[in-house]
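Visitor: Could you walk me through a few parts of this protein? I'm new to this, so plain sentences would help.

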Amino acid sequence: MTTPSSTPSLIKEEVSSSLASSSSIPISVEPKQDDTTSRKRKHEGDDDNDVVKKEMKKETSDSTTVLPPPTSTASTTSTESTASTSTKSTASIKDEATPMNTDDVPVRREDTPNLDLTIYHLPAYMDHKGLTKLLREHNIPHKKCKKIARQDMGWVFFESIEQRDAGKEKLQSITLKGNTLRCEPKLRKDPNGNNNNNNNNRNKNNKNNKNRDNNNNNNAEGDVKPESTIPAPPVNINDVVAEYWQKPYPEQLKIKGEKVQQVINNIARKIRDDSKHKAPLWAKDAPFIPFEGVKICAATSKYRSKLQFTIGLDVHGKICVGFMLGRIGKGNKCVGAPHGAVMISDVSMNIRDSVQSFLETSAFPHYSYSTHSGFWRLLTLKAFPKSGEIMVIMQINEKGRTKEEVDAEMNRFSTYMQSAPTKIKSLMYQNHEGVANDFPADIPCHLLFGTPYVHEFLLGQKFRVSPHAFFQVNTLGAEVLYSTVRDWSDCANYDTLLDICCGTGTIGQCMASSVKNVVGIELSQEAINDAIINAEENKHTNIKYVCGKVESVLHRILSSLPPGRVIGVVDPPRPGLNKDVLLGIRACAQIERLIYVSCEPTSLITDCSTLCRAESKSAKGAPFVPIKSIAVDMFPHTSKIEMITLFERQVSPLPSTKSVASSTPSSSSSSSSSSSPPSSSSSPTSSSTTSSSSTTPISTLSDKKEEETATPSAADSTSPIKTEAEDK
């Protein structure tokens with residue numbers, strides 16, 4: 001029997017003798033192994049048998065000749081034994097590493113259960129740490145999470161279906177800032193998303209390859225990806241613009257009332273945190289601010305008088321005038337038709353349809369937010385229900401177009417709209433070459449035909465509205481809102497009404513007949529011009545308007561007010577009032593009562609703290625005390641709501657409820673004589689609310705004015721309408 005050490009030489013000899021007779025097959029003979037290499041391997045720990053096996057393996061893999069079976073019985077037995085051992089060893093290794101099953105099919109990702117959730121209605125300012133803390137506080141186990149910066153959404157990834165379902169149930173029971181979280185399965189990328197774009201040859205190592213989407217791209221503007229990669233549009237456009245549209249209206253009111261109540265609780269908490277050990281007693285015991293519920297408006301559908309439609313491409317790649325459905329990709333947006341939206345009136349829809357028909361015939365493309373090119377951008381409508389007057393403003397991008405081309409196209413648009421079934425009083429256009437999708441107030445509008453303004457009636461007053469002037473989008477709701485402000489103001493007992501952020505002068509002029517003087521402050525010169533004309537048409541001679549930033553002009557206005565009691569009304573934009581304005585209001589002791597109209601109740605939390613927290617070096621002047629709040633549903637079927645809060649000046653430290661109950665009669669009489677409000681300064685509504693609530697009665701300033709705050713009169717109460725221009 002042949003020994004293992006002699007096997008290689010025996011095989012080589014037999015191969016050489018067998019192949020030598022055939023001249024057609026090339027022969028490859030390996031050189032003889034050097035003894036030095038053998039000694040070196042043996043020195044490193046390999047025995048002779050290991051060396052032989054390694055050399056056989058190397059010869060088998062490196063040889064270019066297929067060896068015929070040897071004729072020797074001994075060599076055949078040895079070779080078969082070695083091959084059998086090698087095959088068995090290889091199979092054993094494969095079985096241990098990856099068991100093979102010919103019946104198994106590779107599992108595709110889209111066939112596996114979706115364990116990821118998308119969370120909506122998160123606070124936009126929340127970061128990744130905040131989301132992680134939220135999940136930890138509510139004991140929601142998860143694999144990982146991610147918060148989208150400056151947006152109200154995030155993602156949570158789970159490890160099992162049970163963990164996902166339990167987490168979804170807990171998440172949807174959480175309410176933050178009055179909004180209940182909503183969870184949906186996270187969308188996965190379409191595995192066939194690139195079937196129309198031949199991107200298989202793109203350079204994967206170059207993340208900034210700008211040509212990666214240029215192959216076979218059928219969309220000239222690049223604004224919408226192929227239809228197969230676009231998520232299916234919502235079942236109803238109301239899912240985008242009216243998130244409460246499927247809820248019964250009483251349930252909507254209940255949710256909004258709870259939202260306002262949560263804001264009230266947060267106000268008290270914020271004041272306690274900012275005041276520290278000097279927190280007012282009213283902020284320590286509930287109810288913090290008496291809440292009188294939610295007022296409803298006469299119209300709960302088709303109520304919006306102002307609308308803005310984006311012009312872009314729909315899911316089929318066709319031009320569309322409607323609402324943005326969301327981001328399709330980086331810089332890509334998709335627009336959906338607004339038909340069926342619960343807040344759009346028939347008149348506004350007819351105007352929109354006329355513009356849609358015109359754009360379908362235009363050779364000019366829509367504006368692309370990915371390439372920042374194109375012509376048609378934004379359509380703004382102001383259709384007022386009481387006056388019946390309509391303003392249409394088309395926003396375009398003239399960049400890359402000659403003046404002759406623009407004039408010709410806009411003249412064609414003007415001719416088309418004049419022949420539209422719905423008559424328009426004002427047609428204008430604005431050239432906006434910026435990147436943002438907005439309606440800048442500092443860019444003028446150009447008149448195509450009609451008048452540069454329209455009118456609307458409100459509580460018996462007539463108001464002129466220019467393109468950039470603010471006017472409430474729900475006329476019938478605004479009447480409910482302003483009637484409540486007028487009833488709570490008790491203007492008959494005050495000398496001056498300070499209308500801050502007055503817009504076109506709606507609030508001040510609705511209350512001008514009940515007060516001696518009205519001073520309005522507004523940033524927009526266009527709105528101030530409208531307010532002056534409105535006052536003249538409504539025959540008000542006791543109003544003065546000042547144009548400028550409130551924080552810049554407030555001090556001068558307050559120092560020039562005529563002697564007397566002052567009530568302030570503020571109706572700021574959604575972010576709230578500037579802190580300097582709040583501190584200026586607080587520092588002016590003349591302002592005894594303040595009515596805050598908030599279109600975003602959450603912004604009232606910080607503003608209220610500035611007005612009501614304990615006096616300090618930065619917050620000078622006696623603090624205000626919130627008396628009561630009420631909400632007005634100006635925006636049915638949405639989560640938005642208006643909130644009105646009445647504040648009165650605190651003139652002495654308020655006793656706690658326990659100290660009032662245990663106080664002696666003498667101390668009670670002394671307290672009432674020094675701090676109780678006069679009967680003429682409290683409206684019936686305020687008196688009844690304060691007496692019926694469980695909170696301690698809150699005092700206001702007496703009729704006697706402090707001498708150090710009195711200033712000489714700058715104008716008598718019957719002075720004509722004036723305006724002052726202030727540098728912005």
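**A sheet, a helix pair and a loop residue**

Guide: This is a predicted model, and a good place to begin is an open sheet formed by four strands in the order E2-E3-E1-E6, with antiparallel pairing.

Visitor: Which strands are at the edges?

Guide: The edge strands are E2, residues 144-147, and E6, residues 182-185, and each of them pairs on one side only. On average, neighbouring strands of this sheet are turned by 20° against each other, if direction is ignored.

Visitor: What holds strands together in general?

Guide: Strands of a sheet pair through backbone hydrogen bonds, and the pairing can be parallel or antiparallel.

Visitor: How many bridges join E2 to E3?

Guide: There are four bridges between E2 and E3, where E3 covers residues 153-157 and the two strands run antiparallel. As an example, Lys146 has Trp155 in E3 as its bridge partner.

Visitor: Which helix packs on the sheet?

Guide: That is H5, residues 128-137, which touches E1 (116-120), E2 and E3, and the direction of H5 makes about 135° with that of E2. Strand E2 itself has a covered face with Cys145 and Lys147, whereas Lys144 and Lys146 are on its uncovered face.

Visitor: And what's between E2 and E3 in the hairpin?

Guide: Five residues lie between the strands of that hairpin, and Arg150 there takes a positive phi near 60°.

Visitor: Changing topic, how do H15 and H16 cross?

Guide: The axes of H15 (residues 579-587) and H16 (residues 603-612) come within 9 Å and cross at roughly 30°, and the crossing is right-handed.

Visitor: Which residues meet there?

Guide: From H15, the residues are Lys579, Leu582, Leu583, Ile585 and Arg586, and they meet Asp607, Thr610, Leu611 and Cys612 of H16. Sorted by class, this contact has five nonpolar residues, one polar residue and three charged residues.

Visitor: Where is Asn578?

Guide: Asn578 is in the loop between strand E20, residues 566-570, and H15. The side chain of Asn578 reaches the backbone nitrogen of Asp580 at 2.8 Å.

Visitor: Why does Asn578 count as partly exposed?

Guide: Its relative accessibility is 33%, so Asn578 counts as partly exposed, because that class lies between the buried limit of under 20% and the exposed limit of over 50%.

Visitor: Last one: how many residues apart are Asn578 and Glu551 in sequence, and what about in space?

Guide: Asn578 and Glu551 are 27 residues apart in sequence, while their C-alpha atoms are 7.0 Å apart in space.

Conventions: Residues are numbered from 1 along each chain as its sequence is written. This is a predicted model: local features need pLDDT of at least 70, side-chain atom pairs count only at pLDDT 80 or more; totals for chains, interfaces and linings use all residues. Side-chain values use heavy atoms; hydrogens and water are left out. Axes are lines fitted to C-alpha atoms, for helices over the stretch in contact, and angles run from 0 to 180 degrees between N-to-C directions. A crossing is left-handed if the near helix is turned anticlockwise from the far one by less than a right angle, and right-handed if clockwise. Contact means heavy atoms within 4.5 Å. Ala, Val, Leu, Ile, Met, Phe, Trp, Tyr, Cys and Pro count as nonpolar, Asp, Glu, Lys and Arg as charged, and the others, Gly among them, as polar. Two strands pair if DSSP finds at least two bridges between them. Buried means under 20% relative accessible area, exposed over 50%, partly exposed in between (1.4 Å probe, protein chains only). A polar contact is a pair of N or O atoms within 3.5 Å; within protein, one must be able to donate a hydrogen and the other to accept it, and residues adjacent in sequence count only if both atoms are side-chain atoms.
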